[in-house]
Amino acid sequence: MNPQFISIEGLEGAGKSTQRTVLAAWVAKRFGQPMVTREPGGTVMAEQIREVLLAHHDEPVDVLTELLLMFAARRQHFSAAIRPALANGQWVVSDRFTDASYAYQGGGRGIAWEQIAELENLVLQGAKPDLTLWLDCPAEIGLARARQRGELDRIETEDIAFFERCRAAYERRRSEDPQRIIRLDATGSIESVSAALIQALEARYS
Ligand code: Z5A
């Protein structure tokens with residue numbers, strides 16, 4: 001089988017980082033150690049863009065600037081890390097990818113789907129994950145989990161309605177590409193979400 005590019009998506013606190021470990025261990029056992037990465041970030045330069053994106057700024061951050069920076073980081077991440085890993089036969093597991101831009105900048109900020117698609121075409125020329133595992137939970141549940149951590153970054157300070165719009169945009173993405181995007185109920189225990197995730201992987205790759 002060709003090396004696969006798997007992304008994991010969801011609102012903050014959905015359990016992406018937690019389940020990413022389970023996902024990477026499952027891949028490692030069957031197909032070799034995957035490259036485990038995240039967005040925004042994943043390379044030294046893209047991590048610097050992440051810092052700019054998540055920091056609080058005195059000036060208002062224009063929504064298009066935010067989108068362009070997400071895609072600048074993604075281009076660097078894809079061309080310098082993801083594409084070479086796949087070409088080298090290594091599987092890739094990424095905590096977020098382009099679907100997050102549709103969810104947050106599209107759903108959350110209200111940028112038109114078509115504008116994001118134009119940028120996606122320019123930056124990725126059709127490249128996308130082979131499989132996306134969307135950990136879905138109501139914003140209220142995810143935020144309650146994530147906010148126990150303390151200090152909030154710039155995007156985390158948005159209100160619940162913003163995150164519910166992001167969630168609705170994830171559902172729109174799923175309905176447009178149901179073969180690639182699998183929804184997993186992320187409201188249960190960590191163990192039950194891991195079990196559902198492994199079941200989805202077994203169904204796809206066994
Ligand atoms: N962003 C964007 O706007 N556009 C884009 O294109 C991209 C990103 C790529 C940074 O993302 C921000 O960038 C993000 C979207 C935006 N902003 N927000 N909000 P990130 O992925 O780095 O940050 P995050 O979404 O805030 O991640 P997170 O808060 O770390 O969430 P998580 O990884 O899904 O959750 P976790 O760390 O695995 O779990 C959080 C806590 O919940 C932890 O204590 C766990 O033990 C607990 N947990 C996890 N699962 C469960 C279950 N099932 N039950 C109970 N407790 C649980």
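Reader: Which helix gives the largest share of the shell around the ligand, and what makes a run of residues a helix?

Author: Helix 4 does, with four residues. A helix is a DSSP run of H or I of at least four residues (a strand is a run of E of at least two), numbered from the N terminus. Helix 4 covers 98–108, so the run passes the cut-off of at least four residues. This is a predicted model, where local features need pLDDT of at least 70, side-chain atom pairs count only at pLDDT 80 or more, and totals for chains, interfaces and linings use all residues. Residues are numbered from 1 along each chain as its sequence is written, and side-chain values use heavy atoms, with hydrogens and water left out.

Reader: What makes a residue part of the group around the ligand, and which residues come nearest?

Author: One of its heavy atoms must lie within 4 Å of the ligand. There are 29 such residues, with S17, T18, R96, S101 and R149 nearest. By class the shell holds eleven nonpolar, eight polar and ten charged residues (nonpolar: Ala, Val, Leu, Ile, Met, Phe, Trp, Tyr, Cys and Pro; charged: Asp, Glu, Lys and Arg; polar: the others, Gly among them).

Reader: Why do R96 and S101 count as polar contacts of the ligand?

Author: A polar contact is a pair of N or O atoms within 3.5 Å. A ligand oxygen is 2.5 Å from a side-chain N or O of R96, and a ligand oxygen is 2.6 Å from one of S101. Both pairs therefore fall within 3.5 Å. Q105 also places a polar side-chain atom 2.8 Å from a ligand nitrogen. Alone, the ligand exposes 1,100 Å², and the protein buries 84% of that (Shrake-Rupley method, 1.4 Å probe).

Reader: Why is the space taken by the ligand called a pocket?

Author: On a 1 Å grid over the protein atoms alone, a pocket is an open set with protein on both sides within 12 Å along at least five of seven lines. The ligand takes the space of the largest pocket, so more than half of its atoms lie within 2 Å of the grid points. The volume is about 720 Å³.

Reader: How many residues line the largest pocket, and which lie nearest its centre?

Author: The lining has 34 residues, with E12, G13, K16, R96 and R149 nearest the centre. Lining residues have an atom within 4 Å of a point. Helix 1 gives the largest share, five residues.

Reader: What makes R96 unusual in its backbone?

Author: R96 has a positive phi of about 80° although it is not a glycine. R96 is in the loop between strand 3 and helix 4.

Technical notes:
A polar contact is a pair of N or O atoms within 3.5 Å; within protein, one must be able to donate a hydrogen and the other to accept it, and residues adjacent in sequence count only if both atoms are side-chain atoms. On a 1 Å grid over the protein atoms alone, a cavity is a set of points where a 1.4 Å probe fits but cannot get out, and a pocket is an open set with protein on both sides within 12 Å along at least five of seven lines; lining residues have an atom within 4 Å of a point. Grid points are joined across faces, edges and corners, and a volume is the space filled by probe spheres set on the points.
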